[in-house]
Amino acid sequence: MVKNRSQFQNEEGISYQAAKEDEELFFRDHPTFSCLDQRLLGSSNLALTLTKLLVLRIKETLAPMKRQVEVMLSSIRADVRAVSSYGSASCPSERQKLLVTLTQEFVRHLNDCVRGEYRDRLIVCNPSLRLYTRALIIFQELQTKVAATAPHFRVEDFITNLAHQMEALRGRELPGFMSAQSFYMFIQEFINAWSAPARMAAAQMRALANEVVRELFGKIAVSYPLLRASFREVASTILETSEDEALRLLEGLIVREKDPFTINEFLQAHINKLRYDRFESSVDDAFRGTIQDSSGSGSWQATKEHVGASLRSWYRTAHGVSSSANAEDMSAILEAYWTLASKRFVDNACMCLDDRILGTLCGKVQEACYQFVHDEAKLEAFFTEDEAMVARRTQLERTRDELIKANAAMNNIQAARKPTPRSQKSTLTIRTFPTNDHFRYFDAVAAFAPTKNNCCCQEPRAWAPISRRRRSCCNQGISP
């Protein structure tokens, strides 16, 4: 509670010190207020309490505010870097130098994207620029699509249909012998199905490379729209030519796979494995179909007879001189070679796409872009900056400078409590947010000193401006 000046005192022009003394006398001599806690009365106590509250609130909110300003400053700096130019382009020589710089910077980043070396900040902060990682997804899709074209070699309908086709293709071969021509015709039919997935992978690879080139150069030459458009046109032309070369190589791979050949022992081992699997399956079927005799004496004999009959029947079917037996054997050979050839084709196709579309992109783009160096008319048009981008960069730089000043001002704020043997003092020095490049200072001093008789500093002072002189009559060294 405080006592304000009366209208008469205001008209008389009473001083602040006299009004304060009158307030203290009023609360001390009043019959009711004199009985209350004096710390709750008077403007001096109010100022002291408010100062302590101010110091506490600043301590609580200063650290979060500083962290927020630092986060904002970091974000603004990243935005400024994103729209910054690599140099000036005021004269022909500077434009030539700037074009070479931009081209080298673009090719360096693109080479990292192609090789899968993602160490640069631009690529780390933009996952869509990781070209090789995204290309691996296309390779995996190609592998899945090629595997999906595999015929159902072990299905009964496939073997039956294969037997009919082998009978239709039979020439002068003796019974029990298979025609090699049948194998060639069947495997070529199966390999033809690889052409569509390979073409799709080539088209996806070209589209992916074109997308990454556009985005990458858009982030490097952000202020020059005509230069970006020219680079994109050059890259699109190069990628179309590279795709055509890759498609011719893929067609050559398919043609070579249609002519079966291998010196790999995998084929023989896989054929033997397939035959063993079929034998194991027949044994399992034989035991599953055994008839268990309820009497213990004849159950073992019945089991042996049933298993033997089942295996003999399977042997006659699989190894007899018949079309079904030949179809079983042909199915195993076709499955083994198809597995070998499909894996080989997927590896070769991926290496072809990597080499022809991605591997030659950097060199061809650099060579094509260097041709603009001696064309002054195009250079002048290329380096005409976008007005909206220039305005945005100016605004970002202004915001960055203001945040730097705010961060520096907050770094100058110090809060310290220095206890002394006879007194304690808590001081908070605040440097306020800059306004018109000027700073305002004030000290908030919360002094907690023991009372001393016959001392002009007997009552604690809440705060005072810096210009207030130290009282010479106080022996405790407390600044009011």
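Helices (H or I, at least four residues) and strands (E, at least two residues) are taken here as DSSP runs, numbered from the N terminus, and on that basis the protein chain comes to 16 helices and three strands. The model is predicted, so that local features need pLDDT of at least 70 and side-chain atom pairs count only at pLDDT 80 or more, while totals for chains, interfaces and linings use all residues. Residues are numbered from 1 along each chain as its sequence is written, and side-chain values use heavy atoms, with hydrogens and water left out.

Of the 480 residues of the protein chain, 34% count as buried, a term that stands for under 20% relative accessible area (1.4 Å probe, protein chains only). With contact meaning heavy atoms within 4.5 Å, 69% of the contacts between residues at least 6 apart in sequence join residues at least 24 apart.

Aromatic rings offer a closer view. Rings of Phe, Tyr and Trp (its six-membered ring) pair if their centres lie within 6.5 Å, and planes under 30 degrees apart count as stacked, over 60 as edge-to-face and the rest as tilted; the count by this rule is twelve aromatic pairs. One of them joins Phe106 and Phe231 edge-to-face, at 6.0 Å centre to centre and 80° between the planes. This pair links distant parts of the chain, since Phe106 lies in helix α4 (residues 92–115) and Phe231, 125 residues apart from Phe106, in helix α10 (residues 225–257). Phe106 and Phe231 are both buried, and ring pairs link them with Phe217 into a cluster.

How values were computed: Buried < 20%, exposed > 50% of the residue type's maximum accessible area, 1.4 Å probe, protein only.
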